[in-house]
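Here's an informal walk through one protein model, meant to be read with the structure open beside you. We'll begin with a bit of vocabulary and then work outwards from one strand.

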Amino acid sequence: MLHEVTPGVLVATSRRMSTTSTIVTDGETALLVDPTWMPDELDSLAAALADRGLSVAGGFATHAHHDHLLWHPGFGPAPRWASVTTERYAASERDGLVENLGSDFPPELVDLMGRVTGAEAIPASSLPHGVDVELVVHDGHAPGHTALWLPRQRVLIAGDMLSDIELPLPFWPDDLPAYLAALDMLAPYADQASLVIPGHGTVGGDAAARLDADRRYLDDVQRRGSSDDPRVRNPGMAEEYAHLQRLVAESSGRAPSDSMGG
Ligand SMILES: [Zn+2]
């Protein structure tokens, strides 16, 4: 289930919404980024780490959404980090996040969800040897959303940004300017990246092209009220597309139909 996408970086992909778990390792210890999602997949992930003899030095959650805040008892007691804002939202929105997991999610995993500590940087004790991580904190997609940049490997772990299957989702709060600012902040990393790992989708060598596609989509919807981005046809994306069209129309004070071609 684990694929080594570049030396020292392993990715597992959930059957649910192609959600990715990323493991950064020196062969002995590991940093787990957004381990996810279904209980049996988390069981398998813990078993796969044990099979490889990897001990978990730390965890990191890219943002305060339920599918990015998970953990498993088999990962052990390592500290789990996030941005300061993510920690705050994981606590204040806990009831809603738990609800999103569904009533049949195992109680022990529900209890572990979202137990992150906010930090400006991941402490060295939670990083494998020889691994540097730069945190890129912004408010695109979610307040305090954080991308991880691995400068040595030139890998960008993007969280729920730069997906090849999902549209840009600048929602909750509906903050399009923050999303555009986040893309600007990610652009220099995307330009240098040899690989981008999205929170949902496939690992690719096309980070800069994905970022351009996201800008084009948002720009098209803002300028003419529509987009021909092929991701609109992916599962669940028609609703997100309609939501953005409504958001743009409301912020410009026009009904959605009036904004077409405007
Ligand atoms: Zn998310």
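Two strands are said to pair if DSSP finds at least two bridges between them. Keep in mind as you read that this is a predicted model.

**Strand 3 and its neighbours**

With that in hand, take strand 3 and strand 4 (residues 29–33): they pair in the antiparallel sense over four bridges. One of the matched positions is Val24, whose bridge partner in strand 4 is Leu31. The two strands make a hairpin with three residues between them, and Gly27 in the turn has a positive phi of about 100 degrees.

Strand 3 also pairs with strand 2 (residues 9–13), again in the antiparallel sense, this time over five bridges. Here Val11 has Thr22 of strand 3 as its bridge partner. This hairpin has six residues between the strands, and Met17 takes a positive phi near 55 degrees there.

| Strands paired | Sense | Bridges | Residues between the strands |
|---|---|---|---|
| Strand 2 and strand 3 | antiparallel | five bridges | six residues |
| Strand 3 and strand 4 | antiparallel | four bridges | three residues |

So is strand 3 buried or exposed? Six of the six residues in strand 3 (residues 20–25) are buried, so the strand is largely enclosed by the rest of the structure. Both of its faces are covered: Thr20, Thr22 and Val24 are buried on one side, and Ser21, Ile23 and Thr25 are buried on the other.

**Stepping back to the whole chain**

The protein chain has seven helices and 11 strands. Its radius of gyration is 18 Å, close to the 18 Å that the globule rule gives for 262 residues, so the chain is as compact as a globular protein of that length. Along the principal axes, the C-alpha atoms fill a box of roughly 60 × 40 × 30 Å. Buried residues account for 42% of the 262 residues. If you take the contacts between residues at least 6 apart in sequence, 65% of them join residues at least 24 apart.

**Two domains and where they touch**

The domain assignment splits the chain into domain 1 (1–131) and domain 2 (139–262). Their centres, taken over C-alpha atoms, are 23 Å apart. How many residues are in contact across the two domains? On the domain 1 side there are 26, and they are in contact with 21 residues of domain 2. The elements giving two or more residues to that side of domain 1 are strand 1 (3–6), strand 2, strand 3 and helix 2 (84–92). Helix 2 gives the most, with four residues. Sorted by class, the side of domain 1 that touches domain 2 has 12 nonpolar, 13 polar and one charged residues.

Helix 2 is worth a further look. Thr86, Glu87, Tyr89 and Ala90 are buried in helix 2. The buried residues of this helix pack against strand 6 (80–82), helix 3 (94–101), strand 7 (117–118) and strand 9 (145–150).

**The nonpolar core**

The largest nonpolar core has 62 residues, and the ones with the most contacts inside it are Ala30, Leu31, Ala147, Leu156, Leu186 and Ala190. Helix 5 (residues 176–192) provides the largest share, six residues. Domain 1 and domain 2 both give residues to this core, so it lies between them.

Leu31 is the bridge partner of Val24 that came up earlier. As for Ala30, setting aside its neighbours within four places in sequence, it is in contact with Ile23, Val24, Thr25, Leu49, Leu54, Val56, Ala57 and Pro128.

**Backbone oddities**

Most residues other than glycine have a negative phi, and most peptide bonds are trans. Three spots here are worth checking against that.

Met17, from the hairpin of strand 2 and strand 3, is one residue other than glycine with a positive phi. Met17 has 17 C-beta neighbours inside 10 Å, so it counts as partly exposed.

His141 is not a glycine either, yet it has a positive phi of about 70 degrees. You'll find His141 in the loop between strand 8 (134–138) and strand 9. With 25 other C-beta atoms within 10 Å, His141 is buried.

Finally, a cis peptide bond joins Thr36 and Trp37, with omega at about 5 degrees. Trp37 is in the loop between strand 4 and helix 1 (39–51).

Technical notes. Residues numbered from 1 in each chain as written. Predicted model: local features only at pLDDT ≥ 70, side-chain atom pairs only at ≥ 80, totals over all residues. Buried ≥ 20, exposed ≤ 12 C-beta atoms within 10 Å, placed from the backbone. Domains from an automatic or database assignment. Contact = placed C-beta atoms within 7 Å. Nonpolar A, V, L, I, M, F, W, Y, C, P; charged D, E, K, R; others polar. Core = buried A, V, L, I, M, F, W, Y, C linked by C-beta atoms within 7 Å. Rg over C-alpha atoms; globule rule 2.2 N^0.38 Å.
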